[in-house]
Structure formats: structure tokens, C-alpha cells
Amino acid sequence: MLRRTILAASRQPRLREAISTMPLSRDVVRRFVAGETTEDAVRATRELVDEGLLVSLDHLGEDTTEAGHAEAVAKAYITLLQRLDDDGLTGGAEVSVKLSAIGQALDRHLCLDHARRICEAATAAGTTVTLDMEDHTTTDSTLGILAELRTDFPGTGAVIQSYLRRSAGDVEDLIRSRARVRLCKGAYKEPESVAYQSRKEVDLAYVRLLVRLMRDGAYPMIATHDPRLVAIASKLAEKRDQGTYEFQMLYGIRPNEQRRLAASGARVRVYTPYGQEWYGYLMRRMAERPANLAFFLRALATKS
Ligand code: FDA
């Protein structure tokens, strides 16, 4: 309930304005965001790779409404991929892209064109792209663009959200097409008609999808911090070869668990956001854990 309230409130323009004008140095933002610039992203990647972790970099931003901005986001990814390549980091780092940031709502062809250019830059750098999944109104479009991209860039990965009622069918399609699949619970405010609302239903759906992906999926990416789901995935992984699946967690969340899993020999990727447009991302992290919100409000009160 609180999660839905926070997600709804976060769309209020005045709240967005008030929070977005806070400097990034605020502790709570720093905890979840690696920095603002390409250099910050490269530095954070190097630190994580040095610790034996893999990385997926997300240039923050979503819901782009201007073609010029969509172009700038695509360029930022291309610049990042070249920098990662120059620094010899693409063996351990890929990128995650939100299609809404590169023009999905403006023009499908423009968005596909930008996504292609990012995939080309990733391929040239020896790495891959995973398409994030946003709210349910974009799912068909995102899976359609994924299928087109995978014709030329078969390494491009998808995200499946276990809260969506449709996901069992989508997972079967992605298993058939041998796509890499990142499985998460889902972070948006969705109506009951399309999404399970209770934690229990979402978790049970996660387990069902996880079982399918770990049995027949090409390369499952287990994106969760939930200790029970990590334990179930670890058990299912006993039947898979090492290197044919990986765990994924968000930058700043359960960092000790990330390192524990990596030390046990598992592949662990840290989804690492950077950039100036951190508002939407931060609000979803607040909604996931109300304790974060208390920390955030305290930091705001003591430092302003
Ligand atoms: P759950 O929310 O039940 O949390 C389990 C435990 O993890 C908590 O008890 C707490 O200890 C810790 N935890 C979780 N969230 C926390 C937070 N914000 N702060 C502090 N501790 C926290 N969603 C989406 O809709 N589209 C997408 O493309 C992606 N992409 C994505 C990539 C990766 C790599 C990850 C890990 C997650 C996503 N997500 C996502 C987000 C995902 O849908 C989900 O909202 C979060 O991962 C939280 O769900 P958990 O599975 O961690 O379980």
C-alpha cells in the first residue's frame, strides 16, 4: 500500500521539482547512484570489476519527450561504451537501456534506430545490451523492438517482471528464441487487471518463472535481493553449468551479499546507474523499502 502511495506521489510535479533540485551529494542519492558523469561510471565500474563483480551500466533518464534529448542519451551510451573499451573494461561490463529514454514514446523508428546504434557500439566494444522493462503499456513495444534488435545483435537481453500476469507466456517466447533474460519482480505501479498486487503472489510467480528459466533458459539473470529467492536460485543452479546464469543486484543494495555470492564462485552483476536524471530511479528505490524514505527525509531535514 505504502509502495503504491510513494509511486503515485512521486509523479506530482511539485515533489519532483523539490527533490530533483537537491544536490547529488545527498547521502541517500549517493548510496544508489554511482555519480553524474561518464568518468564517474567508468571509475565505479573499475572498482566493482576489481572486486570480482560484473557491471551493467544504466545512463539515468526515462520518459523522454524531445527528439534532441533522445539523441543525446543514445550518444551518452555510445561515448560510455567507447570509454569502457579504451579502459579494457568491457569484459566485465555491459549496458542497460530504457527505451523510453531514447524516444519510445515519440517515434518507434527513431527509438529502434538509437537502440541499433547503441547495440552496434556495444558489439564493437565486445559487450552486450539489456533492455530494461518499464510500465506495462510499453511491454509489447519493448519485446517487439527486442526481437528486431536480436536479428542483428542476438546477445541483446530482455527483462521480465514477475508481477505481470502475462509474463509466463513472454518467458516461453524468450526461452524459444534463446534470449538472455533478466528476471525481476517489477518496480512500477500497475493495475490489478495486469499485475499481481500481493507480495506473496509476485514472489510465487517469480519462483515459477525462475524454475522455467533455470531449466530451459539460454542465460537466466536472477535479478533480486530477496534472500529466499537467491537461495532457491542457488539450489536450481546446481543443475546448470557455471557461467550459464548470473545473479544481479542493484548498486548500493545488499553490497555484502553481492560480494559473498561472488566469493562463492557465482557470477554477480551490479546494475549501476549514473547520470543527472536520478529522480524516477530513486523514487522506485524509496517505494521498495519505506526505511529508505525515512533515511531520505532525515537527511533532508538535517542538511537543508
Ligand atoms: P524485495 O523488494 O522483496 O526485497 C528483498 C530484500 O532486498 C529487502 O528485504 C531488502 O533487504 C532488500 N531491498 C530490496 N529493495 C531495496 C531497496 N530499494 N533498498 C534497500 N534494500 C532493498 N524493475 C523493473 O520494473 N524493470 C526493470 O527493468 C528492472 N531492472 C532491474 C535490474 C536489476 C539488476 C535488479 C536487481 C532489479 C531491477 N528491477 C527492475 C527492480 C525490481 O523489479 C524490484 O523492484 C527490486 O529488485 C526489489 O525487489 P527484490 O526482488 O529485491 O525483492
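**Close-up views of the ligand site**

**Figure 1. Residues surrounding the ligand in the predicted model**. The ligand is surrounded by 25 residues, and the closest are Gly186, Thr224, His225, Glu288 and Asn292. By residue class, the shell around the ligand comprises 10 nonpolar, six polar and nine charged residues.

**Figure 2. Polar atoms of the protein beside oxygen and nitrogen atoms of the ligand**. In the side chain of Thr224, an N or O atom is 2.6 Å from an oxygen atom of the ligand. For His225, a side-chain N or O atom and an oxygen atom of the ligand are 2.7 Å apart. Met133 contributes through its backbone: a polar backbone atom of this residue is 2.7 Å from a nitrogen atom of the ligand. Of the 920 Å² of accessible area that the ligand has on its own, the protein covers 88%.

**Figure 3. The pocket and the elements around the ligand**. The ligand takes up the space of the largest pocket. Two or more residues of the shell come from each of strand S4 (158-161), strand S5 (180-184), strand S7 (246-250) and helix H12 (279-288). Strand S7 supplies the largest share, three residues.

**Figure 4. Domains contributing to the shell around the ligand**. Domain 1 (1-32 + 285-304) and domain 2 (35-277) each provide at least three residues of this shell.

Methods
Residues are numbered from 1 along each chain as its sequence is written. This is a predicted model: local features need pLDDT of at least 70, side-chain atom pairs count only at pLDDT 80 or more; totals for chains, interfaces and linings use all residues. Side-chain values use heavy atoms; hydrogens and water are left out. A residue is near a molecule or strand if one of its heavy atoms lies within 4 Å of it. A polar contact is a pair of N or O atoms within 3.5 Å; within protein, one must be able to donate a hydrogen and the other to accept it, and residues adjacent in sequence count only if both atoms are side-chain atoms. Accessible areas come from the Shrake-Rupley method with a 1.4 Å probe; for residues, only the protein chains shown count as cover. On a 1 Å grid over the protein atoms alone, a cavity is a set of points where a 1.4 Å probe fits but cannot get out, and a pocket is an open set with protein on both sides within 12 Å along at least five of seven lines; lining residues have an atom within 4 Å of a point. A molecule sits in a cavity or pocket if more than half of its atoms lie within 2 Å of its grid points. Helices (H or I, at least four residues) and strands (E, at least two) are DSSP runs, numbered from the N terminus. Ala, Val, Leu, Ile, Met, Phe, Trp, Tyr, Cys and Pro count as nonpolar, Asp, Glu, Lys and Arg as charged, and the others, Gly among them, as polar. Domain bounds come from an automatic or database domain assignment.
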